[in-house]
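Q: Got a minute to go through this one with me? Let's start with the fold and then pick a strand.

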Amino acid sequence: MKVMVLGAGVTGVTTAWYLSQRGHEVTVVERRGAAAMETSFANGGQISVSHAEPWANPGAPLKVLQWLAREDAPLLFRLRADMNQWLWGLEFLRNCTPVRTAQNIRQIVNLGMYSRGALQKLRAELDLQYDAKTQGILHFYTSQAEYDAAQEPARIMREHGCELDMKTADECVAIEPALAQCRASIVGGSMTPSDESGDAQAFTTALAARCEQAGVKFLYNTNILDVQASGGQLDGVQVARGSGEAGGRIETLKADAYVMCLGAFSAPWAKKLGQSLRIYPAKGYSVTLPVINAAASYQVSLTDDEYKLVFSRLGNRLRIAGTAELSGYSLELNKVRCEALTRRAQLVFPDAADYSNATYWTGLRPSTPSNVPLIGRTKYDNLFLNTGHGTLGWTMAAGSGAALADIVSGRQPEVDFKWST
């Protein structure tokens with residue numbers, strides 16, 4: 001078939017690759033001038049099956065209330081006169097029960113493990129270079145209560161095949177010696193030796209080049225203006241090519257099947273087609289810092305539980321990312337939240353990087369209330385979804401791309417996952 005993929009982030013590009021490998025003629029439509037220029041551009045860098053515990057869990061409601069007054073809170077609901085935000089929030093609360101949390105963890109672990117394997121296979125077969133590190137992810141805790149609360153989610157993850165071992169504070173320092181200077185504040189940790197890290201933008205760019213070699217056509221600088229449907233089918237996508245919505249060449253692109261990989265913008269576009277997607281943008285922040293002292297810098301990818309931050313080593317750069325701000329579609333950088341990243345990194349690794357030379361970034365993560373993405377069919381016969389991956393887009397991209405390509409091709413995906421319909 002002729003298949004059109006809408007969006008060239010990490011999810012869209014992996015989807016395009018697997019569709020092309022299934023024998024389809026693939027075109028990717030992207031409003032930016034290259035792949036991975038938005039949410040995939042400077043994320044935390046972790047391939048983290050170990051992050052399967054969703055934001056919506058039994059302890060979340062109280063934390064969210066405590067964080068409402070904190071501008072630098074890890075999860076900040078900036079309440080707005082926005083019905084979509086309120087409906088998303090209510091669904092979030094529904095997913096905070098122990099039963100739903102356990103169900104969602106199972107879904108996320110299954111897809112995450114399948115995706116990690118798919119990524120490893122892609123890297124080996126295509127020789128993709130993206131500052132990959134395969135030393136696992138160490139999750140460290142500075143609160144005894146949070147460490148104790150982590151035991152049950154860890155048990156559920158292990159039950160579903162995630163290799164996750166709880167560690168003492170001394171064992172954490174043995175795994176990552178750069179944590180030695182803050183050993184006194186660490187109460188314990190968990191280690192997932194099979195998890196990885198790497199530069200999502202570099203991966204996506206490299207895979208996009210391989211896609212083009214395989215015959216995939218990329219239409220960059222192409223803005224979607226309208227989506228047209230009739231009789232239970234998507235008929236075409238009207239776009240402006242070359243110079244944005246206000247100008248350029250307007251035309252209607254047609255295909256046999258369409259895949260929506262538009263991230264946080266999937267919901268408003270689906271709404272135009274009469275389909276409600278419970279996806280809301282969770283603005284995440286990152287800082288990238290040049291390494292100046294390799295001996296004082298971490299090598300193992302880390303997760304700081306108290307501050308909900310991830311630390312990845314990307315060659316001679318440190319990437320620290322995290323926080324989620326639910327405040328609409330604004331990409332304005334919040335100075336307080338930016339400085340909180342640098343302040344925490346400097347406290348944990350004071351001599352590692354040039355903190356005066358920080359590069360800040362923000363992106364809109366397409367988040368569902370359950371943290372389980374929307375992958376599969378829609379009410380339109382020829383329109384498919386691969387979106388809503390939240391903080392785990394990089395982790396789940398390869399697996400969800402492979403699975404979605406199977407669904408489009410009429411095959412049963414290899415992974416046990418509740419597919420959208």
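Q: Among contacts between residues at least 6 apart in sequence, what percentage join residues at least 24 apart?
A: In this predicted model, the figure is 73% for the protein chain.

Q: How many helices and strands are there?
A: The protein chain has eleven helices and 20 strands.

Q: Why call the chain as compact as a globular protein of that length?
A: Its radius of gyration is 21 Å, and the globule rule gives 22 Å for 421 residues. Those values are close, so the chain is as compact as a globular protein of that length.

Q: And what does the C-alpha trace span along its principal axes?
A: About 65 × 40 × 40 Å.

Q: What share of the residues is buried?
A: Buried residues make up 58% of the 421.

Q: Switching to strand 5. Mostly covered or open?
A: Mostly covered. Strand 5 runs over residues 137-141, and five of its five residues are buried.

Q: Which side chains point which way?
A: Ile137, His139 and Tyr141 point one way from strand 5. Leu138 and Phe140 point the other way.

Q: Which strands does strand 5 pair with, and in what sense?
A: Strand 7, residues 188-192, pairs with strand 5 in the antiparallel sense over five bridges. Strand 15, residues 301-304, pairs with strand 5 in the parallel sense over four bridges.

Q: Where does Phe140 sit in those pairings?
A: Its bridge partner in strand 7 is Gly189. In strand 15, Phe140 stands opposite Asp304.

Q: Last topic, charges. How many of each sign?
A: There are 41 positive and 41 negative side chains. The centres of the two sets lie 4 Å apart.

Notes: Residues numbered from 1 in each chain as written. Predicted model: local features only at pLDDT ≥ 70, side-chain atom pairs only at ≥ 80, totals over all residues. Heavy atoms only, no water. Helix = DSSP H or I, 4+ residues; strand = E, 2+ residues; numbered from the N terminus. Rg over C-alpha atoms; globule rule 2.2 N^0.38 Å. Buried < 20%, exposed > 50% of the residue type's maximum accessible area, 1.4 Å probe, protein only. Contact = heavy atoms within 4.5 Å. Lys, Arg positive; Asp, Glu negative; His and termini not counted. Charge placed at Lys NZ, Arg CZ, Asp CG, Glu CD. Pairing = 2+ DSSP bridges.
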